[in-house]
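Subject: Structure handover

Hello,

Here is the structure for you to work with. My notes on it follow below.

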Amino acid sequence: MALARVMAEVDAARTAGDPEVVAALRGDLGDDPDGRPLATRGTTHVSVADAEGNVAAMTTSNGECSGDLIDGTGISCNNMLGEDDLHPDGFHGAPPSQRVASMMSPTFVLGADDASVALALGSGGSKRIRSALLQVLVATIDHRRELRDAVESPRLHWDADHLEVEPGFAPGVAEALAELARTNEWPGPSMYFGGVHAVVPGVTAVGDPRRGGAVRVV
């Protein structure tokens, strides 16, 4: 219930273009000297950890991509097209040459020492990326749930003026969500709700079945 309210409030703030909220959500990575928004379909994510404590997380568009490869890596650059969620002023509303923002958010959760990585995760799922990651993070950090349970549990997503909801929530929760807003319940888990692929270094890893996730230990 609280998560649904947060999603609705953040969506309203983004739509309204509140400069303070937008700045806080965007953050400042300091790698774009022109101050332009940092620069998506067919998106996937890979989380990797090795026995020496090295961890990597990469989200990339491998379906509808830009057609460019980064020299010497074999990695395709993400496309620059985006979708309605990344164009608050409408398609073709941004000035020419301005990079389209990206919802892709490979994420690290730091350990208690602020030096090691306790969890690496990310998701494909266009505008559902933010809600998918939020729900897994809340489940693992706030509710101390096992990673597989956190990834495979039912999800919801606030979309403009209503809630998209996977089945499986407790009856009381489902009723409360229906009172909060109009809901559209899906018949089963769906790739619509993103695919969170995550690893707890040295402990476990989970590939989200919603998007054909897989785990390999070598």
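**Thr59 and its surroundings**

Thr59 is buried, because its relative accessibility is 8%, and a residue counts as buried under 20%. Thr59 belongs to strand E2, residues 55-61. Its side chain makes a polar contact of 2.7 Å with the side chain of His45. The two residues are 14 apart along the chain, yet their C-alpha atoms are separated by 4.2 Å.

**The model as a whole**

Please bear in mind that this is a predicted model. The mean pLDDT of the chain is 82. Of its residues, 79% reach 70 or more. Among the elements, H4 has the highest mean pLDDT, at 97. Helix H2, residues 19-26, has the lowest, at 56. Over residues 27-41 the pLDDT drops below 50. That stretch still has 28 contacts in the model beyond near neighbours in sequence. Where pLDDT is low, the predicted coordinates should not be read in detail.

The chain has 218 residues, and 35% of them count as buried. Its secondary structure comes to 5 helices and 9 strands. Along the sequence the order is α-α-β-β-β-β-α-α-β-β-α-β-β-β. The accessible surface is about 12,800 Å². Carbon and sulfur atoms account for 54% of that surface.

**Strands E3 and E4**

Strand E3 covers residues 107-110. One of its faces is covered and carries Thr107 and Val109. The other is uncovered and carries Phe108 and Leu110. The general rule behind such a split is that side chains in a regular strand alternate between the two faces of the sheet.

E3 runs antiparallel to strand E4, residues 117-124, and 4 bridges join the two. Leu110 stands opposite Val117 in E4. The hairpin of E3 and E4 has 6 residues between the strands. Within this hairpin, Asp114 takes a positive phi near 60 degrees.

**Strands E5, E6 and E7**

How are the faces of E6 arranged: covered or uncovered? Both are covered. His162 and Glu164 are buried on one side, Leu163 and Val165 on the other.

E6 pairs with E5 in the antiparallel sense, over 4 bridges. Here Asp159 stands opposite His162. The E5 and E6 hairpin has 2 residues between its strands. Ala160, in the turn, has a positive phi of about 70 degrees.

E6 also pairs with E7, this time in the parallel sense and over 3 bridges. Leu163 has Thr183 in E7 as its bridge partner.

**Salt bridges**

The structure holds 7 salt bridges. Three of the pairs are described here.

Arg145 and Asp149 meet through their side chains, at 3.0 Å from N to O. Arg145 is partly exposed because its relative accessible area is 33%. Asp149 is also partly exposed, at 38%.

Arg155 forms a salt bridge with Asp208, with the closest N and O atoms 2.7 Å apart. Arg155 lies in the loop between helix H4 (147-152) and strand E5 (156-159), and Asp208 in the segment after strand E9 (204-206), so the pair ties together parts that are 53 residues apart in sequence. Both Arg155 and Asp208 are buried.

Asp161 forms a salt bridge with Arg182, and their closest N and O atoms are 3.6 Å apart. This pair also links distant parts of the chain, 21 residues apart. Asp161 sits in the loop between E5 and strand E6 (162-165). Arg182 sits in the loop between helix H5 (171-180) and E7. Arg182 is exposed, because its relative accessible area is 53% and the exposed class begins over 50%.

**The network and Ser190**

Which residues are linked in a network of salt bridges? They are Arg155, Glu166, Asp208 and Arg210.

Ser190 touches this group. Leaving aside neighbours within four places in sequence, Ser190 is in contact with Glu166 and Arg210, and both of these belong to the network. Ser190 is placed in the loop between strand E7 (183-185) and strand E8 (195-200). Although in a loop, Ser190 counts as buried, because its relative accessibility is 14%.

Best regards

Terms used. Residues numbered from 1 in each chain as written. Predicted model: local features only at pLDDT ≥ 70, side-chain atom pairs only at ≥ 80, totals over all residues. Heavy atoms only, no water. Buried < 20%, exposed > 50% of the residue type's maximum accessible area, 1.4 Å probe, protein only. Contact = heavy atoms within 4.5 Å. Pairing = 2+ DSSP bridges. Salt bridge = Lys/Arg side-chain N within 4 Å of Asp/Glu carboxyl O. Areas by Shrake-Rupley, 256 points an atom, 1.4 Å probe, with all protein chains shown as cover. pLDDT = per-residue confidence, 0-100. Polar contact = N/O pair within 3.5 Å; in protein donor to acceptor, adjacent residues only side chain to side chain.
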